[in-house]
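Me: I should like to go through this model by question and answer. Please give the reasoning before each value or name.

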Amino acid sequence: MELENQQENQEEKIVQSDKEEALHTQVAVAGLYENWFLEYASYVILERAVPAVEDGLKPVQRRILHALNEMDDGRFNKVANVIGQTMQYHPHGDASINEALVNMGQKDLLFDCQGNWGDIRTGDSAAAARYIEVRLSKFAQEVVFNPQTTEWQLSYDGRKKEPITLPVKFPLLLAQGVEGIAVGLATKILPHNFCELIQASIDILQHKPVEIFPDFATGGFIDVSNYNDGQRGGKIRVRAKIEEFDKKTLVIKDIPFSTTTTSLIESIIKANDAGKIKIKKVIDNTARDVEIQVQLAPGTSPDVTIDALYAFTDCEISISPNACVIIGDKPHFVGVSKILQVCTEQTVELLRQELTIRKAELMEKLLFSSLEKIFIENRIYRKIEACETFEEVLETVDKGLKPYRKQFYRAIVEDDLLRLLEIRIKRISKYDAFKADDLMRRLEEELKEVEDNLAHIIRYSIDYFKNLLKKYGKGRERKTEIRNFNTITATVVAAANQKLYVDRENGFIGYGLKKNEYVMDCSDIDDIIVFRKDGKCVVTKIQDKVFVGKDIIYCSVFKKNDDRKVYNLVYFDGKSGASYMKRFKITAVTRDRVYDLTAGNPKSKILYFTANDNGEAEVIQVNLTATSTARVKQFEYDFKQLLIKGRDSMGNLLTKYPVRKITLKTAGVSTLGGVDIWYDPTVGRLNRDEHGRYLGNFEAKDTILVIYNDGQYELTNFELTNRYEPKDIVVLAKFIPENAITAVYFDGASKQYYVKRFRIETTTVDKKFLFITDEKGSKLHYASIDVYPRIELSFKKDERGAALEKEVISLDEAAEVRGWKALGTKLSPHKVQGIKVLESKIIEAEQTNTEESEANAIIVKIPVKQPLTPPEEIAFPESGEVSTGEQLGLF
């Protein structure tokens, strides 16, 4: 007992001594923090956030797929069970596994899902894991797994094996997309279209250039002009699909990627509350398809509101890709084209490995079939009856096979002999030599096919990709439409949610000066241009109240790059005493910088000023002082005689005598002429920047004729905010009342084709008129403003089964010009099978001499190559002299 107590006391002393020694020991931690942080950062990058380029999967995704493959029996599995199975390989909690699994299921590629898996469009979350089920899709089973070509490693606890990477024979990373944030590093690869990826892989194998762009399950529109191959520094713009239901209602059909209907509606309401847009109500009718109705406030333009929704709400968002993947255990920033090339090359290599393995299997089967045939047909099994030991048996069998060894592709080993000895007597007794030969023949044919595929591995890989496209490509067509977006100027489309007031005497402007003079409606993001009596001009941001200088003579909303607005000005020069006049534009300025519009001398001041929205030039009356020495003390001047110059120009001398007053004599007219308008079908907008097809020079009274493919026409103004969807339009041109419209349509009631020619008789703008019958099945097949259109008809066989010859019809001769409501003339008595648009009929040059014509002209028709965009008439002067291409309508 005493001995035990002594031992315990001795142990306590040793423990106490160790504790004291530990307290006095100093440990350097400077290096520990550095190493620990690097290890942590590397772990997060390699094991959690960034996918491997080989299979395009993060570790958690790879482990989920491996667990599902182990559980796969063709039936659905509870997601909770899958999570539990995955936790054998994944050293983190079940929440991260559940989130990753649901995310993969919502992409509808690798999983067959059952139950409520949520909705990426509405943002609704999936049901609890115990209520939803999952299994591998046929595509995943074919593309992702192959134990023979998989490299394995031990799981985190060493109890099981898991794949290092899965042998994925498809660019899965680009199809699914990925997003991850690690320590000091992030990755964002956008999803791409399934069919386009396969076709791009085929193009790579055929040494063709490839270019791939994102595609989203939410649809919408995408501008990829700055995609930069998915690398850092690139950017895409994604827009919702907004349609005009009627003049009072807009409908949002598709939403941008990474948004939900809830977040989109919230952004619209927020913009409305801020006064950026004017809407009455937002209704969410989303069910199987997205449908958000936006009801407009009275007097609100649908086209302007669509632009405002893109400018101020989540109907348009920008996404910056950042493609980063793990290559060789290190993160690399690469483009999506490079990732696709790596995935394609890896697919070729995996297919080569599979063929090599299959070749070895076939050769082994052929070898054993040959051994079996020799063993049975030569009755070698009978020779072993006299053997007393097993070694003698092996030696006897080996000796019986010796004459045939040259036929075998490898040496016969003991394992081959053992397999022969394991053949049962029942099999030997029922051995059929004919069936054995047939089997060997089929094995040889397959072996030749495999060897041929190995010799032509690129051809085999292309066929593999084509087979994938054929089996799984249906229903996976592109959902996001690629188009170029126009640049929306926020100040142009912003709703007028404020009122501009001015205190001229004290020099204040703003929307808070409600007791002072009202100027105009504006928005809270507008810039205001101010002219003062001392000849100074300044542009400043509108505020509640801002000082801009005393004696304000003019203020208004400033429109940048407005080359139609012209300012007419007369100022007194304080140095010379003379008065100068000038016409100028202000298209661009530096905000809050003061510009001097006079010669810059002290005591200079403005005597007369007008701002003209369309370059008008008025006539003024100038009255000199009574004491001036001029003989004529009152005279008139027309600003039209003055050239438009820059704002810094000194101007022309009006008079060197003192001026008493200047008054307006006669209101002026525009000196700028009409506006040249172009239509850019890539964005569906009008412009004045010479983009797209030239429509013509437009005066204020002119309109645009639009013919839609549903059989309606419409006259619109030429505001640059108008929207024209290219896919809905048959004809878009400057409206000329004298021109006749030719249309061919199918009447749903009579089941006949009609041709009609008519002139526009209506004058209402922004209202559609149906010029074909409104019967069910009626459809417009062709429309043109061409003068001499032609088509070719092909017919169905007649009642006797005889084929009818094709007929060419000049439509200008087939029907007379009547009213737009007329039914038209039957196109043909036969049953029409097809309509082909031909080139326009060429009319010999006709020389016209009329008293009304100022010059003779020759009208030359350009053949119609695309009926949707008919050519315009080009007038060549008789002398053949043309000064510019613009006169020809060529640009």
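Me: Which residues of helix 14 are buried?

Reply: This is a predicted model, in which local features need pLDDT of at least 70, side-chain atom pairs count only at pLDDT 80 or more, and totals for chains, interfaces and linings use all residues. Residues are numbered from 1 along each chain as its sequence is written, and side-chain values use heavy atoms, with hydrogens and water left out. Buried means under 20% relative accessible area, exposed over 50%, and partly exposed in between, with a 1.4 Å probe and protein chains only; helices (H or I, at least four residues) and strands (E, at least two) are DSSP runs numbered from the N terminus. In helix 14 (residues 414–421), the buried residues are Asp-416, Leu-417 and Leu-420.

Me: Why do the buried residues of helix 14 line one face of the helix?

Reply: The relevant arc is that of the directions from the helix axis to the C-beta atoms. What covers these residues, by contact (heavy atoms within 4.5 Å), includes helix 11 (336–377) and helix 13 (390–401). Seen down the axis of helix 14, the buried residues line one face because they fall within an arc of 100°.

Me: At roughly what angle do the axes of helix 4 and helix 5 cross?

Reply: Axes are lines fitted to C-alpha atoms, for helices over the stretch in contact, and angles run from 0 to 180 degrees between N-to-C directions. The axes of helix 4 (residues 79–86) and helix 5 (residues 94–106) come within 10 Å and cross at roughly 125°.

Me: Which residues of helix 4 and helix 5 make the contact?

Reply: The two helices form a pair whose contact draws on both partners. Helix 4 contributes Val-79, Val-82, Ile-83 and Thr-86, and helix 5 contributes Asp-94, Ile-97, Asn-98 and Leu-101.

Me: Which strands stand at the edges of the open sheet with the order 24-21-22-27?

Reply: Four strands form this sheet, and the pairing is antiparallel; two strands pair if DSSP finds at least two bridges between them. Each edge strand has a single partner strand, so one side of each is left without a neighbour in the sheet; these are strand 24 and strand 27 (594–596).

Me: Which residue in strand 24 stands opposite Asp-527?

Reply: Strand 21 (residues 527–532) and strand 24 run antiparallel and are joined by six bridges. Opposite Asp-527 in strand 24 stands Phe-558.

Me: What is the relative accessible area of Glu-690, which has a positive phi?

Reply: Glu-690 lies in the loop between strand 35 (685–687) and strand 36 (693–698). Its phi is about 65° although Glu-690 is not a glycine. Glu-690 is exposed, and its relative accessible area is 51%.
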